[in-house]
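Work through the exercises below with the model open beside you. Try each task before you read its solution.

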Amino acid sequence: MPGTSRRALFKAGLAGLATWPLSSRAMTDTACVPTSPAHATGVEGQRKAELGDGTYLNPIVAGDRPDPTILKDGDNYYLTFSSFDAYPGLVIWHSTDLVNWTPLGPALHTNVGTVWAVDLCRHGDRYFIYLPTLAPGGAWKIHAIWADDIRGPWSAPVDLRIDGCIDPGHAVGEDGKRYLFVNGIRKVRLTDDGLATDGALEHAYRPWRYPDDWITENFAPEGPKLTRRGDWFYLVTAVGGTAGPVTGHMVIAARSRSIHGPWEHCPQNPLVRTLSEAEPWWSRGHATLVEGPAGDGWMVYHGYENGYRTLGRQTLLEPIEWTEDGWFRARGGDLSKPLPSPRGGEQSRAGIALSDDFSNNRLGTQWTFHAPRPNEMQRVRYGTRSIRLAGAGTSPADGSPLTCIVGDRSYQAEVTLTLVDGGEGGLLLFYNPKAFVGLGCTADGLRVFQYAEEQTWARQALPTRRVRLRLTNDHHVVTWHHSHDDGRTWTRLDTRMEVSGLHHNVFGGFLSLRIALYSAGAGAVAFSDFRYRALA
């Protein structure tokens with residue numbers, strides 16, 4: 001990567017002044033959040049939803065878990081989320097109580113491009129995930145993968161030849177036929193095996209339109225999810241745009257006695273919407289209805305945490321109430337406060353430890369490549385309590401780092417690097433190739449990355465064939481340390497970095513700021529003893 005010139009530094013300084021109001025705005029917005037109870041803590045101090053007194057506090061799955069799709073399968077519940085450019089992708093999560101969730105493993109191993117909002121369903125004895133994909137230089141397509149066991153193995157993706165569409169939602173009509181609804185809102189009939197279309201894509205429903213003076217990103221009807229209850233089909237849709245202004249995203253509903261319509265708008269639309277920047281959760285939307293263990297009603301959707309867009313869209317759970325007129329309404333109220341937990345389910349285990357001695361393969365469940373090339377997995381070799389990552393590219397910007405989603409506002413992570421055959425590697429906070437910060441180590445010394453480029457003025461000549469790196473992210477302020485005696489003593493990097501602006505509304509992509517390991521150049525890097533802990 002080219003070094004940073006004095007002119008580039010001057011431009012960066014001007015850019016910092018230009019974005020100063022954004023950082024101040026984030027701090028102001030955070031200060032507007034109503035005082036709320038502290039989250040319970042679980043493994044490694046990670047926050048968890050279950051408070052232990054019969055209540056829970058959102059989010060139910062912290063960190064970047066957008067566009068949740070949920071399946072009730074007997075006494076079990078399963079979730080998965082958009083995985084975008086991360087591979088292996090589409091991690092399946094499991095719960096028996098709707099509040100505590102544990103990842104099982106990834107369902108998608110074949111790189112078919114960027115993956116947006118999917119639908120997880122069961123038909124007969126088979127499980128399906130319908131996923132919209134965008135390959136580089138191509139158009140949006142809808143693929144399907146299937147499995148006879150929710151834990152896999154899952155099939156290779158099948159192209160359904162539905163082009164130019166996103167956000168599939170599966171439903172079975174009163175005629176017993178299978179259908180996919182997509183953004184728009186349109187629908188297409190599927191063959192009985194669910195792996196091909198059986199008709200043309202057609203208009204299905206003209207969504208309810210909010211008043212013109214509401215502040216939204218755009219109309220964008222998307223994420224259609226269908227539920228059948230009694231004689232009615234309920235169609236839940238997201239409108240208003242998924243990011244942008246915090247008041248934009250919302251949940252609306254319609255119902256019909258036939259999968260073919262006509263659909264009538266819910267008189268209480270919108271059912272969910274952020275009304276001001278003072279609320280704890282912004283841009284709430286993209287909901288799916290689900291029956292609780294006791295037969296009551298719930299809604300799962302996503303939202304940005306006030307002041308923490310860097311964490312991505314997190315998964316929220318809200319109770320609903322079915323009314324005498326056959327409609328439903330959200331009744332969670334202030335989501336900054338605890339809510340009564342669903343009744344009737346056996347309590348699940350929550351989360352997993354992120355600390356990793358690399359004695360087991362966690363690719364997909366914890367670690368994923370960002371935008372991998374076709375043969376990216378060939379870079380990986382597990383050793384004795386280590387993972388060896390062959391170099392790719394010249395820096396994190398072109399080297400497809402290995403990333404890990406985090407869900408805490410403040411945390412600390414550290415890892416040991418051993419450089420092999422002249423390799424280069426490091427520890428990062430990575431949003432995308434245009435937005436990352438971190439430290440890199442070469443045979444010649446330390447590299448410092450800020451503004452997604454190396455700050456050549458900050459290079460340090462150090463013995464770095466083996467080094468331990470530590471990052472501390474304390475409410476967006478990042479401090480770096482390095483150790484050359486396996487963590488017995490530490491040296492702090494003089495430069496601290498403020499990262500509150502590394503999120504979608506600045507850089508696009510609908511992603512989150514993730515911990516990342518990178519390996520560049522012609523050699524390799526062996527990573528060992530990765531440790532994570534949340535900070536109070």
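**Exercise 1.** Locate P59 among the strands and describe its peptide bond to N58.

Step 1: P59 sits in the loop between β3 (55-56) and β4. Strands here are DSSP runs (E, at least two residues), numbered from the N terminus.
Step 2: The bond joining N58 and P59 is cis, with omega about 10 degrees.

This is a predicted model: local features need pLDDT of at least 70, side-chain atom pairs count only at pLDDT 80 or more, and totals for chains, interfaces and linings use all residues. Residues are numbered from 1 along each chain as its sequence is written, and side-chain values use heavy atoms, with hydrogens and water left out.

**Exercise 2.** Find the loop that holds P153 and state the geometry of its bond to G152.

Step 1: Look between β12 (140-147) and β13 (158-163); P153 is in that loop.
Step 2: G152 and P153 are joined by a cis peptide bond, omega about 5 degrees.

**Exercise 3.** Is L98 buried or exposed? Describe its phi as well.

Step 1: L98 lies in the loop between β7 (89-95) and β8 (102-108).
Step 2: Its phi is near 75 degrees, a positive value in a residue other than glycine.
Step 3: L98 has 0% relative accessibility, so it counts as buried (under 20% relative accessible area, with exposed over 50% and partly exposed in between; 1.4 Å probe, protein chains only).

**Exercise 4.** Place Y451 and describe its phi.

Step 1: Y451 belongs to the loop between β35 (445-450) and β36 (453-454).
Step 2: Phi of Y451 is near 55 degrees, a positive value in a residue other than glycine.

Technical notes. Helix = DSSP H or I, 4+ residues; strand = E, 2+ residues; numbered from the N terminus.
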